[in-house]
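Work through the exercises below with the sequence and the model side by side. Each task is followed by a solution in steps.

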Amino acid sequence: MKKIIIIGCPGSGKSYFSKRLRDLTKYPLYHLDNIYHREDGTHIPREEFDDILRNIFKEKEWIIDGNYQRTIEMRLKECDTCFLLDFPTEVCVSGAEDRVGKKRDDMAWYEESLDPEFKQYIIDFSKTSLPAIYELIEKYKHKVDVLIFKSRNELNDFINNYEVNNDRV
């Protein structure tokens, strides 16, 4: 577990989990939202985004947090471990609502409210995005260790067991 991606629905807790994992492993952490979005609300071009990812891939150890469906296959080809947070829709909506109004270091912007279109994207995620993610995981399961969490308790159990069983803590 040296090159890690964390994917899943917005609001599932990818950034929270990635920070906990970073603290335990001491690996560099890259939030895709921070790479793609500028503070002024604009974003970098796709080509530049992809070049940054390719440069991260050259590093010995890393954690990449974020869904960015277009780049999941690219990241699956390069990682050795994939964490998928496949939580119920209501958990993800609640997670997204809970972070409104809070300053976050994993986002270039400050969310003052939950955008209705973004909320709908979260609601539709299990139907529109998750099937393709599972197809990609199936395609790369021979080369990537895949851990799928269906609840926050499963995620927390993993972290607690990791803390107990690893020297890097």
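Two strands count as paired if DSSP finds at least two bridges between them. The model used here is predicted.

**Exercise 1. Decide whether strand 2 and strand 3 pair, and in which sense.**

Step 1. Strand 2 covers residues 29-31, and strand 3 covers residues 62-65.

Step 2. Three bridges link strand 2 and strand 3. The cut-off is at least two bridges, so strand 2 and strand 3 pair, and they do so in the parallel sense.

Step 3. To find the pairing in the model, look for histidine 31, which stands opposite aspartate 65 in strand 3.

**Exercise 2. Describe the sheet: give the order of its strands, its edges and the helix that lies across strand 1, strand 4 and strand 5.**

Step 1. The sheet is open and has five strands in the order 2-3-1-4-5, with parallel pairing.

Step 2. Its edge strands are strand 2 and strand 5 (145-149), each of which pairs on one side only.

Step 3. On average, neighbouring strands of this sheet are turned by 15 degrees against each other, direction ignored.

Step 4. The helix asked for is helix 7, made of residues 130-140. Helix 7 runs at about 155 degrees to strand 4 (81-85).

**Exercise 3. Place the sheet within the whole protein chain by listing the elements and the overall dimensions.**

Step 1. The protein chain has eight helices and five strands.

Step 2. Starting at the N terminus, the elements follow one another as β-α-β-α-α-β-α-β-α-α-α-β-α.

Step 3. The C-alpha trace spans about 40 × 35 × 30 Å along its principal axes.

Step 4. For 169 residues, a compact globule would have a radius of gyration near 15 Å; the protein chain has 15 Å, so the two agree.

Step 5. Buried residues account for 43% of the 169 residues. Of the contacts between residues at least 6 apart in sequence, 73% join residues at least 24 apart.

**Exercise 4. Is threonine 81 buried or exposed, and which residues does it touch?**

Step 1. Threonine 81 belongs to strand 4.

Step 2. The relative accessible area of threonine 81 is 2%. Buried means under 20%, so threonine 81 is buried.

Step 3. Apart from its neighbours within four places in sequence, threonine 81 is in contact with Met1, Lys3, Ile4, Ile5, Val144, Asp145 and Leu147.

Step 4. The side chain of threonine 81 also makes a polar contact with the side chain of aspartate 80, at 2.8 Å.

**Exercise 5. Classify arginine 99 by its accessibility and relate its position to glycine 13.**

Step 1. Arginine 99 is part of helix 5, residues 89-99.

Step 2. Because its relative accessibility is 16%, arginine 99 counts as buried.

Step 3. Arginine 99 and glycine 13 are 86 residues apart along the chain, and their C-alpha atoms are separated by 10 Å.

**Exercise 6. Examine the phi angles of lysine 26 and tyrosine 68.**

Step 1. Most residues other than glycine have a negative phi.

Step 2. Lysine 26 has a positive phi of about 70 degrees. Lysine 26 sits in the loop between helix 1 (14-25) and strand 2, and at 54% relative accessibility it counts as exposed.

Step 3. Tyrosine 68 also has a positive phi, near 40 degrees. Tyrosine 68 lies in the loop between strand 3 and helix 4 (72-78), and is partly exposed at 21%.

**Exercise 7. How many salt bridges does the structure hold, and why are aspartate 51 and arginine 54 separated by about one helical turn?**

Step 1. The structure holds eight salt bridges.

Step 2. One of them joins the side chains of aspartate 51 and arginine 54, at 3.0 Å from N to O.

Step 3. These two residues are separated by about one helical turn because they are three residues apart in helix 3, residues 46-57.

Step 4. Aspartate 51 is partly exposed at 40%, and arginine 54 is partly exposed at 41%.

Step 5. Aspartate 23 forms another salt bridge, with arginine 22, where the closest N and O atoms are 3.1 Å apart. Lysine 141 and glutamate 138 form one with a closest N to O distance of 2.7 Å.

Technical notes:
Residues are numbered from 1 along each chain as its sequence is written. This is a predicted model: local features need pLDDT of at least 70, side-chain atom pairs count only at pLDDT 80 or more; totals for chains, interfaces and linings use all residues. Side-chain values use heavy atoms; hydrogens and water are left out. Helices (H or I, at least four residues) and strands (E, at least two) are DSSP runs, numbered from the N terminus. Axes are lines fitted to C-alpha atoms, for helices over the stretch in contact, and angles run from 0 to 180 degrees between N-to-C directions. Contact means heavy atoms within 4.5 Å. Buried means under 20% relative accessible area, exposed over 50%, partly exposed in between (1.4 Å probe, protein chains only). A polar contact is a pair of N or O atoms within 3.5 Å; within protein, one must be able to donate a hydrogen and the other to accept it, and residues adjacent in sequence count only if both atoms are side-chain atoms. A salt bridge is a side-chain nitrogen of Lys or Arg within 4 Å of a carboxyl oxygen of Asp or Glu. The radius of gyration is taken over C-alpha atoms; the globule rule is 2.2 Å times the number of residues to the power 0.38.
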